[in-house]
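Take a look at the chain below. We will walk through its parts step by step.

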Amino acid sequence: MSQPQTIQFSLPSDPNVSYIDTVHAYDQWANIYDGDGNFLQALDTIEMRSLLPEFLSLVKTTVQSRQKGEDTTTAKLIDLGCGTGRNTIQLLEKISSQTDDSIPFQNAQIIGLDASNGMLDVAREAVATFSAAAKSKPNVTLFQFDLLGDDDTATTSTTKADGMISTLVLEHVPLDTYFSKAANLLHQGAYFLVSNMHADMGKLGQAGFVDPATKKKVRPMRSYAHEIGDVLGEAERAGFEVVPLRGTSNSDSPGVEGVVEKAVTEDILGALGQRASKYLGVTVWFGVCFRKK
């Protein structure tokens, strides 16, 4: 199997681009992250709206099976690399909309993990805003946790979860590190919903933003263009199996079983924004659900 590709797009001496540590880059990006026209983020939000209900249905089944016979069946969910809380809020919305008292989400514990304190500060505000609007106090805890670091404090304090999502994070992490740490966070039988930049887009560009103060482009030092085959292979080595979701039938590239792949097409340009036009016809996103064996 081929090795994951590390793509460095411009020389560090490029006067128009600043390359900095990934965590520091996201600290700087945090305050404008949700409003700078990131079309991949917009596409991810759209896709997660349809994939999250299926994911939560699977989590419901495994929690009830694991806790059969107990009086309380409460799910524990992790948003790994939660960033500004964009999909943490989607989890809260989906859980809050449940009406069946028998399901294990009534008092669900949601844990957001991210390496960037700047991103976590924005996420805390998002959760507080959601709570005020919903007139409730959801059980949400946010921790700093660096997938590339050696400190596993958050791992030991949050283990083990019944389900975990991780969206647009894998681009910044070697595959073996990502899946081994993910496995440590989950119960056996737990589900893991992953989305990421597609390698076809990763070979053309990488995450970055324009610093409002300097007007220069800021990028993390390195970014990985992980091929789907490599992702699935490393996940299997870490003890995960692919669980096909119904959403895979809507994939733009149905050749990879169990994986949703999405390209930028004319019909979705309006929803994605102007920056997406550069990638018209390019497969830019993929999503896949795993189960820890």
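Helices here are DSSP runs of at least four residues, strands are runs of at least two, and both are numbered from the N terminus. Counted that way, the chain has nine helices and 13 strands. Keep in mind that this is a predicted model.

Start with the whole chain. It holds 293 residues, and 53% of them are buried. Buried means under 20% relative accessible area. The accessible surface comes to about 13300 Å². Carbon and sulfur atoms own 48% of that surface. Now consider contacts between residues with a separation of 6 or more. Of these, 79% join residues 24 or more positions apart.

Next, go inside. Which residues touch the most other members of the largest nonpolar core? They are F55, L193 and V284, in a core of 44 residues. Several elements supply at least two residues each: α2, α3, α4 (117-134), β5 (139-144), β7, α9 (269-272) and β13. Helix α2 gives the most, with ten residues. Look at L193 in detail. Beyond its neighbours within four places in sequence, L193 is in contact with M48, L51, L52, F55, M164, I165, S166, L245, V288 and C289. There is also a second, separate core. This one has 29 residues, including L80, F145, M164 and I228.

Two helices show how burial works in this chain. Take helix α6, residues 175-184. Its buried residues are L175, Y178, F179, K181, A182 and A183. What covers them? The cover includes strands β3 (76-80), β6 (161-167), β7 (186-197), β11 (240-242) and β13 (283-292), along with helix α8 (228-237). Now turn to α8 itself. Here I228, D230, V231, G233, E234 and A235 are buried. Their cover includes α6, β11, β12 (259-263) and β13. Just after α8 comes G239, with a positive phi near 100°.

Now find a small sheet. Three strands form an open sheet in the order β2-β9-β8, with mixed pairing. Strands β2 (17-20) and β8 (209-210) stand at the edges with a single partner strand each, so one side of each has no neighbour in the sheet. How do the strands run? β2 and β9 (residues 217-220) pair in the parallel sense over four bridges. In this pairing, S18 of β2 stands opposite V218 in β9. Helix α1 (residues 22-29) packs on the sheet and touches β2, β8 and β9. The direction of α1 makes about 140° with that of β9. On the other side of the pairing scheme, β8 and β9 run antiparallel and are joined by two bridges. There, V210 stands opposite K217 in β9. The hairpin of β8 and β9 has six residues between the strands. In this hairpin, K215 takes a positive phi near 65°.

Charged side chains come last. How many salt bridges are there? The count comes to five. Three of them are worth a visit.

One salt bridge joins the side chains of D44 and R86, at 2.9 Å from N to O. D44 sits in helix α2 (residues 39-66) and R86 in helix α3 (residues 86-96). The pair links distant parts of the chain, 42 residues apart. Both D44 and R86 are buried.

Another salt bridge joins K203 and E227, whose closest N and O atoms are 2.6 Å apart. K203 lies in the loop between α7 (199-202) and β8, and E227 in the loop between β10 (223-225) and α8, so the pair ties together parts that are 24 residues apart in sequence. Are these two residues buried, exposed or in between? K203 has 38% relative accessibility, so it counts as partly exposed. E227 has 23%, so E227 also counts as partly exposed.

The third example brings us back to α8. E234 forms a salt bridge with R237, with the closest N and O atoms 3.1 Å apart. The two residues are three apart in helix α8, so about one helical turn separates them. An α-helix has 3.6 residues a turn, so residues three or four places apart point the same way. Burial splits this pair. E234 counts as buried because its relative accessibility is 16%. R237 counts as exposed because its relative accessibility is 56%.

Notes: Residues are numbered from 1 along each chain as its sequence is written. This is a predicted model: local features need pLDDT of at least 70, side-chain atom pairs count only at pLDDT 80 or more; totals for chains, interfaces and linings use all residues. Side-chain values use heavy atoms; hydrogens and water are left out. Buried means under 20% relative accessible area, exposed over 50%, partly exposed in between (1.4 Å probe, protein chains only). Contact means heavy atoms within 4.5 Å. Accessible areas come from the Shrake-Rupley method with a 1.4 Å probe; for residues, only the protein chains shown count as cover. Two strands pair if DSSP finds at least two bridges between them. Axes are lines fitted to C-alpha atoms, for helices over the stretch in contact, and angles run from 0 to 180 degrees between N-to-C directions. A salt bridge is a side-chain nitrogen of Lys or Arg within 4 Å of a carboxyl oxygen of Asp or Glu. A nonpolar core is a set of buried Ala, Val, Leu, Ile, Met, Phe, Trp, Tyr and Cys residues joined through side-chain atoms within 4.5 Å.
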